[in-house]
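The following questions and answers examine how certain structural terms are applied and on what grounds.

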Amino acid sequence: MPATKPAAPLLMLGLPKGSLEQATLALFAKAGWKITQSSRSYKPGIDDPELDGRFVRAQEISRYVEHGFFDCGLTGSDWTLENQSKVFPVCDLIYSKASTAKSRWVIAVPEDSPIKSVKDLKGKRIATELVRVTKEYFEKQGVNAAIEFSWGATEVKVPDLVDAIVDITETGSSLKANKLRIVDTILETNTQLIANKDSWANPAKRKKIETIALLLQGALNAESKVGLKFNLPKAKLKVVVSTLPSLRNPTISPLSDPAWIALETIIDESVVRVIIPTLKSHGAEGIIEYPLNKVVY
């Protein structure tokens, strides 16, 4: 009897190769998918028979999604705009290699440059990877400048090769390290899950894409939060809830001792250092803080 041919995966997924690669793999792992890779292969292993994928530069993913090679993919909204790709934006996923904040495309010049504003760049030469969007920006500003494509290492090209650059930054630290000063921001961007329009119209594919979006968003929601549970004298409930805004809607359970209750809640990790001592001062006991994998609203 001939062997049964394995069913084709439901979705082909585009994964960003390069600076977002490791952060994306970590996000998928937290969402519940283990993606393995070989250093010499652009084809990952995914522990889900409904998914196949390829690692491709983020700059190209929106084009491959639009053309249907990928059913969906993760890329920056900047590259979808740059490529003018006709895709369906499923959801924003605000994460990057260094932070959970949006990134910015900025105009930068050397610290000692006489250039103070966009108008000062009239007739100047500017290098960037984001050529089309940059040209549109300068046209809207009424500034005629020469915009040229940069293959990378854009920061080192000023002032010897060009007068200014348009480059992406998360924290600005790389620009400062290269003694560059920001003149203006032309675009904010973040990672998005995007889908091919035909794939989005397919009920089975759309359901799977929505599942991926739900769990990836849940994983991101959990990154800045922790779970907290503790026992509290029942008489202290009102004062604790009124003085700690993050505990407005805790889960409250009775204990065997009717004078005590158990509370459980989710709070921002940044406020734990303030909340725990306050809880202790109100008589809380058995305080447990624990990490979260996903928070789905």
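**Terms and their grounds**

Lys 205 and Asp 71 form a salt bridge, with 2.9 Å between the closest N and O atoms. The model is predicted, so local features need pLDDT of at least 70 and side-chain atom pairs count only at pLDDT 80 or more, while totals for chains, interfaces and linings use all residues. Residues are numbered from 1 along each chain as its sequence is written, and side-chain values use heavy atoms, with hydrogens and water left out.

Q: Why is the contact between Lys 205 and Asp 71 called a salt bridge?
A: A salt bridge requires a side-chain nitrogen of Lys or Arg within 4 Å of a carboxyl oxygen of Asp or Glu. The closest N and O atoms of Lys 205 and Asp 71 are 2.9 Å apart, so the pair meets this criterion. Lys 205 lies in helix α7 (residues 203–223) and Asp 71 in the loop between α2 (58–67) and β5 (72–76), so the pair ties together parts 134 residues apart in sequence. Helices (H or I, at least four residues) and strands (E, at least two) are DSSP runs, numbered from the N terminus.

Q: Which of the terms buried, partly exposed and exposed applies to Asp 71, and which to Lys 205?
A: Buried means under 20% relative accessible area, exposed over 50%, and partly exposed in between (1.4 Å probe, protein chains only). Asp 71, at 7%, is therefore buried; Lys 205, at 21%, is partly exposed.

Q: What makes Glu 21 and Lys 17 a salt bridge, and how is each residue classed by accessibility?
A: The N to O distance between their side chains is 3.4 Å, which satisfies the salt-bridge criterion. Glu 21 counts as buried at 9% relative accessibility, whereas Lys 17 is partly exposed at 24%.

Q: How do you know that Lys 17 sits over the rings of Tyr 42 and Phe 55?
A: A charge sits over a ring if NZ of Lys or CZ of Arg is within 6 Å of the ring centre and within 35 degrees of the ring normal. The charged end of Lys 17 is 5.1 Å from the centre of the Tyr 42 ring and 5.6 Å from that of Phe 55, and it is assigned a position over each ring.

Q: What separates Glu 210 from Arg 206 along helix α7?
A: These residues are four apart in helix α7, and therefore about one helical turn separates them. Their side chains meet in a salt bridge of 3.2 Å, N to O. Glu 210 is partly exposed at 37%, and Arg 206 is partly exposed at 34%.

Q: How many salt bridges does a search of the whole structure find, and which residues form a network?
A: The search finds eleven salt bridges. Asp 48, Glu 50 and Lys 208 are linked in a network.

Q: Why is the pair of Tyr 64 and Phe 70 called edge-to-face?
A: Rings of Phe, Tyr and Trp (its six-membered ring) pair if their centres lie within 6.5 Å; planes under 30 degrees apart count as stacked, over 60 as edge-to-face and the rest as tilted. The search of the whole structure finds eight aromatic pairs. The rings of Tyr 64 and Phe 70 have centres 6.1 Å apart and planes at 85°, so the pair is edge-to-face. Phe 70 is buried at 0%, whereas Tyr 64 is partly exposed at 29%. Tyr 64, Phe 69 and Phe 70 form one aromatic cluster.
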